[in-house]
Amino acid sequence: MSQPKVLSIFSGAGGLDIGFHRAGFNVVACIDIDSDSCSSLELNRGTFLTPDTLVFDSDITQIDFEQLYNRVGAVDFVIGGPPCQSFSAAGRRAGGVTGVNDTRGSLFWYYCKLLEQFQPSGFLFENVRGILQANKSKDWNIIQNSFAELGYILSYRVLDAADYGVPQHRERVIMVGHKRESFLFPRPTHGPDSVDKTPYVTSGDVISDLDDPNEVVPPYGGKYGDLLPEIPPGLNYSHFTERMGHPKPRFAWRSRFSGFLYKLDPDKPSKTIVTQQGRYDGPFHWKNRKLTINELKRIQSFPDSYELYGSNISQIRQIGNSVAPLFGYELAKAVMNQYFEERFAKQTYISESEKLHFDKRKSKKAQRTRQKTQKNRKANGNNHQLSLFQDAQPDWPSKHYPIKEIADMYSGSALLEDGTWNISIVPVGSVKTSFQVSADLHFNFPVNESFKRIKAQFSTSTLWDIQILWESIHNAVNLSSSYDSLHPLYGHFTEPYPKFALTLNIDNSDSGIARLIQQMAQFQYLGRLYPLETLEQFVEPNMSTAEFVKKLRKHGFDVRVHETNRTIPSGFWKPCYPYTLPKSTKTFVPWTDIGKHKTGDLRLIASENGYIPHELNYQEQN
């Protein structure tokens with residue numbers, strides 16, 4: 001049989017294409033919007049692609065599919081994974097995912113339109129596992145229905161690339177559609193579900209031979225670089241948490257992404273390689289340095305001789321965006337065997353009802369996390385949390401700290417004595433004070449054996465200056481403990497693990513901002529979506545709701561709406577923390593009106609041709 005023809009879309013640097021080419025398919029054309037990725041594909045024609053593979057550096061939303069068909073011709077199969085950012089873990093950590101209502105999440109629709117034009121016998125669709133739960137699974141149902149309406153029988157599974165010989169745990173949803181029959185997924189070649197229980201391929205297996213025995217690694221530097229040498233291989237920032245028993249914790253449990261300060265264990269597969277690696281994002285080598293491009297290629301299972309085009313940042317992005325080629329090869333073999341010609345006699349398959357070991361563990365872990373988070377929210381949902389905490393009374397000495405310069409219009413004192421911080425802030429001169437604020441924080445355990453309580457008093461003429469109070473509290477924590485601020489002692493708002501009880505009172509609390517500040521001091525109120533109308537009761541006179549949110553954010557409150565975080569549905573808002581964020585953090589994103597976001601705002605509209613994307617604009621929403 002001649003080589004089945006494959007059209008690759010959202011090709012990236014060619015991870016799937018390498019696998020399908022190796023399995024005997026003719027990848028006749030590749031399409032991607034990223035110019036560097038297209039250049040990488042062109043560099044590898046004649047070695048990992050056929051010499052005459054067409055490469056289109058194009059935006060799929062702008063392609064005339066009829067003209068593309070005339071250029072490429074009929075194909076037997078289509079492969080590709082649309083961008084996954086709108087379904088990713090980052091979106092979930094922001095409190096939700098934009099999903100199909102983001103331009104990137106709606107690209108499956110163009111995938112469908114291309115299938116409608118080319119009419120291949122089947123296709124393979126790849127994405128992150130978060131796509132299954134996006135918007136309470138509504139998005140996944142829309143995606144499945146859109147493909148099914150084209151006449152395809154659909155099969156999908158979550159698979160881990162490590163189960164197929166890739167030295168990296170990389171879980172992805174794979175959906176295969178075919179006009180005649182369903183698809184059986186290939187049985188893992190490695191790990192507990194493999195036939196011979198073949199051990200996983202580890203990061204040490206694939207990159208140790210690249211090591212220079214004479215390499216001298218300088219200290220990494222920066223704010224957290226000094227922590228790297230202490231982190232054991234296989235762990236991350238969590239090594240410096242109270243949960244792990246660190247004597248001087250720096251972070252709250254589950255307060256960062258798992259890649260933060262993550263160091264490879266040479267005896268295990270790596271965690272997932274991501275596309276955007278900040279200064280402290282791993283994987284780091286066990287020698288306490290960033291990985292080289294060649295090392296990253298090995299962990300993603302790219303051949304050593306596969307050429308990547310572009311800057312170091314671009315090549316890392318291309319590697320992180322790719323399907324692991326070895327994983328793609330196993331999928332391609334299964335497609336070839338079941339739909340074209342049985343060329344790979346040794347390949348076996350997973351039964352439709354079988355659940356793989358990694359997915360069983362994931363389900364149990366997710367269930368435990370949900371239960372624990374719900375328990376924490378319920379327990380910490382009022383001002384009577386102290387019954388939950390042990391009352392430790394170490395014999396600590398008194399400590400006096402210098403008064404911190406607070407602000408031009410305020411002066412203050414801060415004294416730590418017998419485990420209690422006493423902070424007092426008052427205006428300078430004869431300013432009339434309209435508000436008296438008291439904040440009382442009780443900690444469940446002494447923080448670094450340094451303090452167990454913070455009592456703060458703040459006199460002010462305007463509550464919009466309350467950030468000065470919280471900044472003084474953040475500074476007190478920073479001065480007397482291993483934590484940078486109060487922030488890590490509360491935890492990320494999606495999974496808070498507060499180490500303290502908070503009582504906050506405001507005299508003369510009739511104003512809207514006073515009532516809102518006190519409302520946000522109730523932990524159970526935070527991290528939830530509310531209709532924007534519920535915010536109107538707090539808005540100051542002659543101020544719109546949008547102006548009020550902008551002012552809250554300007555003064556340090558992490559209050560989110562659709563214009564600041566696309567994960568928040570239009571018409572809703574989300575309060576995140578009981579305090580203003582430390583000024584040292586850079587977590588706020590700019591306000592962008594609806595219809596003006598770089599990824600676009602969409603609404604999917606049902607029509608005769610299934611769901612179609614419709615771009616929104618600001619006027620439409622008002």
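This passage walks through the predicted model, from confidence to sheets, helices and cores.

Confidence comes first. The mean pLDDT of the protein is 86, with 84% of its residues at 70 or more. Two stretches call for some caution. Residues 85–104 have a pLDDT below 50, though the model still gives this stretch 77 contacts beyond near neighbours in sequence. Residues 380–393 also stay under 50, and here the model has 31 contacts beyond four places in sequence.

Next up is an open sheet of 7 strands, which can be traced in the order β3-β2-β1-β4-β5-β7-β6 and has mixed pairing. At its edges stand β3 (54–57) and β6 (153–160); each has a single partner strand, so one side of each is left without a neighbour in the sheet. Going from one strand to the next, the twist averages 15 degrees. Within this sheet, β5 makes a handy reference strand. On one hand, β4 and β5 pair in the parallel sense over 4 bridges, and Ile79 stands opposite Leu124 in β5. On the other, β5 pairs with β7 (residues 171–178) in the antiparallel sense, this time over 7 bridges. Phe123 has Gly177 of β7 as its bridge partner, while Glu126 stands opposite Ile174 in β7. As for cover, 7 of the 7 residues of β5 are buried, so to speak of β5 as mostly covered is fair.

Two helices can be placed against these strands. Helix α3 (residues 65–72) lies across β2 and β3, and runs at about 155 degrees to β3. Helix α1 (residues 15–22) has 6 of its 8 residues buried, so the rest of the structure largely encloses it. Those buried residues are Gly15, Leu16, Asp17, Ile18, Gly19 and Phe20. What lies over them? The cover includes the strands β1 (5–9), β2 (26–32), β4 (77–80) and β5 (122–128), along with helix α10 (325–339). After α1 comes Gly24, with a positive phi near 105 degrees.

Phe20 turns up again in the largest nonpolar core, which has 91 residues; Phe20, Phe77, Phe125 and Phe327 are the members that touch the most others. Phe77 shows how such a residue is surrounded. Setting aside neighbours within four places in sequence, its contacts include Lys5, Val6 and Leu7, as well as Phe20, Phe123, Leu124, Val176 and Tyr339. Apart from this core lies another, of 58 residues, among them Ile466, Phe500, Val559 and Leu581. As a general point, nonpolar side chains tend to be buried together in soluble globular proteins.

Further along the chain, strand β11 (residues 435–447) has two partners worth a look. With β12 (residues 451–460), β11 pairs in the antiparallel sense over 9 bridges. The two strands form a hairpin with 3 residues between them, and Asn448 in the turn has a positive phi of about 55 degrees. Val447 has Phe451 of β12 as its bridge partner. With β13 (residues 500–506), β11 also runs antiparallel, joined by 7 bridges; here Val437 has Ile506 as its bridge partner. Pro446 lies in β11 as well. With a relative accessible area of 12%, Pro446 falls under the 20% cut-off and so counts as buried. The C-alpha atoms of Pro446 and Lys499 are separated by 9.7 Å, although these residues are 53 apart along the chain.

Helix α12 (residues 466–480) has 15 residues and reaches 22 Å from its first C-alpha to its last, close to the 21 Å expected at 1.5 Å a residue. Of the 15 residues of α12, 12 are buried, so this helix is largely enclosed by the rest of the structure. Among the buried ones are Ile466, Leu469, Trp470, His474 and Ser480. Ile466 also belongs to the core of 58 residues.

Last comes an open sheet of 3 strands, in the order β14-β16-β15 and with antiparallel pairing. β14 (530–531) and β15 (559–561) stand at the edges with a single partner strand each, so one side of each is left without a neighbour in the sheet. β15 pairs with β16 (residues 572–575) over 3 bridges, and Val559 has Pro575 of β16 as its bridge partner. Val559 is also among the residues of the 58-residue core.

Conventions: Residues are numbered from 1 along each chain as its sequence is written. This is a predicted model: local features need pLDDT of at least 70, side-chain atom pairs count only at pLDDT 80 or more; totals for chains, interfaces and linings use all residues. Side-chain values use heavy atoms; hydrogens and water are left out. The expected span of a helix is 1.5 Å times one less than its number of residues. Buried means under 20% relative accessible area, exposed over 50%, partly exposed in between (1.4 Å probe, protein chains only). Contact means heavy atoms within 4.5 Å. Two strands pair if DSSP finds at least two bridges between them. Axes are lines fitted to C-alpha atoms, for helices over the stretch in contact, and angles run from 0 to 180 degrees between N-to-C directions. A nonpolar core is a set of buried Ala, Val, Leu, Ile, Met, Phe, Trp, Tyr and Cys residues joined through side-chain atoms within 4.5 Å. pLDDT is the predictor's confidence in each residue, from 0 to 100.
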